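Here is my note for a colleague coming to this entry for the first time. Please keep the structure open while going through the points.

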Amino acid sequence: MLISLHVKNLALIKETEVSFREGLNILSGETGAGKSIIIGSINLALGARADKDMIRHGAEYALVELVFQLEDEDIIRRIQDMDIPVEEDGIVIIQRKIQLNRSICKVCGETVTTKQIKELAELLIDIHGQHEHQSLLYKKNHLEILDSFAAEELVPIKRELKDCYRWYTALKKELDEFQVDEGAKAKELSLAEFEYQEIEEARLVAGEDEELETQYRRMTNSRQLVEAASKVYSLLGAGANSVADAVGRAVRELRSIEEYDETAKELALELENIDGLVSDFNRSIAGYMSDMEFDESSFKEIEERLNLLNHMKLKYGGSIPAILQYQEGLEQRIEKLRNADAYQAKLEKELADTVRQLQGICEKASRVREKEAKKLSADMVQALTELNFLEVSFEIQVRRKEDYSVQGFDDVEFMISTNPGEPMKSLGSVASGGELSRIMLAIKTVLASRDRIPTMIFDEIDTGISGKTAWKVSEKLGVIAKNHQIICITHLPQIAAMADHHFMIAKKAEENATVTGIMEMNPEESVEELARMLGGESITDAVRENARELIHTARTKKEAV
């Protein structure tokens, strides 16, 4: 679960930190207090698009840090399999620092990509906002919801389906490209044979270009190299004032006194070793200078060979290994074109076999979806009834499309009737904003029984609802919170009353600037906040008593489920 959120220099937030706990965590506050900034900061840490304008005015950077405590060993293993670190005791720390020119994401101190953060977020948290309500209007999302419900049985089938579909599309593409007229095939064969022969005649050897370039540089700069080497040789080994001559004289001087002192003898031996090293070096540099003799014909030969290699690289690949690999591909292509009829027949057979295999996997996936669609439909009717849909019918239609996709051949659509006697219609054509909000909550409730994601965030789940329906939504959140950590932003007192932990988001003036902060309230402060949410120009004792009654009612409802 999410155990803490730390935000610094983000929009109206100067710096704030909040610790969340198990159960239902409710966030409330006045309109404009900055509730959306809190959820926005969590989204930012989990890879949402960052903008430099989000940085608080006058600050150099913005920082968001999330700390998760994980207990599910399977989730921990899957995170580690993604090559993302997890600290001892299942702690995962996600940090994002937004600067003027870039942003940096880290997990447990290690820098990661935004893509990795998003993949990690899918295992840790489910954030549900207003745009998710609207996603129900689009039929393409219905298949994804059904597949989430059927994940345990469907995931291995979809993995098999993905591999088979990839092979199917590759075969289909190759066959389509191969089915051209004979004239085009003849031209392609002629070009492939020419390119193959050109590479063959070049007699390429891996590493040859690097060796030749080294020789070319040496020969091009041979005059400078020889001059420098000659100066070194004259200083060390040639002439009466060379180092070799000086060391030799020094050795003779020490030898003349070595019989009188053991230390002088040791120094003479040490100096003789130096004399030997100097002599060896002089022989090496003399050989180096002799190798530097410029050969015009050799230089021209190397230059021509390098020109050929560079031409081949430019034409067929950036390196000799790449050219040789390209040649291998040419050889295979030539073989296919020379035996075009046989190869096309082979492709057609492979494609037909793959289609039969793909059809079988799609049928297997479809059977699972049809079976699970009935279960999900029944669960949805129950969940919707509990959310104050008095007369509701819900059905998931699984139809077959003519073509295949990586998801199979199923077309899934949610159908609903919210009034007795009305025909079933597509969900997007009948549901109002408030109904969509409750339908999505029903889906989340049903999926929660199979979902292992530990934390769920609800923003604007109470859109378009009030009264008895608000209580129903409140009760449903309380049910989900028994097995998941829930963080919910609300403006309805019925939902806030159900809180296990209640947080206030408030805006205040500080040092001639407006700042937003968040704090957990004690029971009496929570009563005052509920009284504010109940409305009225002034908070009277009667309003406070009403707030206490709401909390008591919510507690009773929680104990009853």
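1. Start with the largest pocket. Several elements each supply at least two residues of its lining. The helices among them are α2 (73-81), α3 (114-124), α4 (130-135), α5, α6 (151-178) and α16 (433-448). Strand β8 (125-128) belongs to the group too. Bear in mind that this is a predicted model.

2. Which helix gives the most to that lining? Helix α5 does, with 8 residues. Keep α5 in view, as later points return to this helix.

3. Now the space itself. The largest pocket holds about 2000 Å³. The lining counts 44 residues, and E122, E144, S148, D451 and I453 are the closest to the pocket's centre. By class, the lining has 21 nonpolar, 8 polar and 15 charged residues.

4. The second largest pocket has a volume of about 390 Å³. Its lining is made of 17 residues. Nearest the centre lie M1, E71, P454, N483 and Q485. The classes here are 6 nonpolar, 5 polar and 6 charged.

5. Back to α2 and α3, two of the elements in the lining of the largest pocket. Their axes are 10 Å apart, and the packing angle is about 175°. An angle over 145 degrees counts as roughly antiparallel, and α2 and α3 are therefore roughly antiparallel to each other. On the α2 side, the contact uses I75, R78 and I79. On the α3 side, L120, L123 and L124 take part. The contact residues comprise 5 nonpolar, no polar and 1 charged.

6. Helix α5 also meets helix α14 (residues 340-386). The two axes come within 9 Å and cross at roughly 90°. Angles of 65 to 115 degrees count as roughly perpendicular, so α5 and α14 are roughly perpendicular to each other. From α5, the residues in this contact are L143, L146, D147 and F149. From α14 come R369, E372, A373, K375, L376 and D379. The split by class is 5 nonpolar, no polar and 5 charged.

7. Next, a sheet that both of these helices touch. The sheet is open, with 3 strands in the order β9-β10-β11 and antiparallel pairing. Why is one side of β9 and of β11 left without a neighbour in the sheet? Strands β9 (393-405) and β11 (425-426) stand at the edges and have a single partner strand each, so one side of each stays unpaired within the sheet.

8. Look closer at the pairing of β9 with β10 (residues 408-417). These two strands pair in the antiparallel sense over 9 bridges. One example is R400, whose bridge partner in β10 is D410. Helix α5 (residues 140-149) packs on this sheet and touches β9 and β10. The direction of α5 makes about 95° with that of β10. Helix α14 lies across β9 and β10 as well, running at about 165° to β9.

9. A second open sheet has 6 strands. The order is β2-β1-β4-β5-β6-β7, and the pairing is antiparallel. At the edges stand β2 (13-19) and β7 (110-112), each with a single partner strand, so one side of each has no neighbour in the sheet. From one strand to the next, the twist averages 15°.

10. Inside that sheet, take β4 (residues 61-69) and β5 (residues 91-99). They pair in the antiparallel sense over 9 bridges. Which residue of β5 is the bridge partner of Y61? The partner is Q99. Helix α1 (residues 35-45) lies across β1 (2-10), β2, β4 and β5. Helix α1 runs at about 100° to β1.

11. Last, the pair α19 (residues 523-534) and α20 (residues 541-560). Their axes are 8 Å apart, and the packing angle is about 110°. Helices α19 and α20 are therefore roughly perpendicular to each other. Helix α19 brings E524, V527, E528, L530, A531 and L534 to the contact. Helix α20 brings V543, R544, N546, A547, R548, L550 and I551. In all, the contact has 8 nonpolar, 1 polar and 4 charged residues.

Methods:
Residues numbered from 1 in each chain as written. Predicted model: local features only at pLDDT ≥ 70, side-chain atom pairs only at ≥ 80, totals over all residues. Heavy atoms only, no water. Pairing = 2+ DSSP bridges. Helix = DSSP H or I, 4+ residues; strand = E, 2+ residues; numbered from the N terminus. Contact = heavy atoms within 4.5 Å. Axes fitted to C-alpha atoms, helices over the stretch in contact; angles between N-to-C directions. 1 Å grid on protein atoms, 1.4 Å probe; cavity = no way out; pocket = protein on both sides within 12 Å on 5 of 7 lines; lining within 4 Å. Points joined across faces, edges and corners; volume = space filled by probe spheres on them. Nonpolar A, V, L, I, M, F, W, Y, C, P; charged D, E, K, R; others polar. Parallel < 35°, antiparallel > 145°, perpendicular 65-115°, else oblique.
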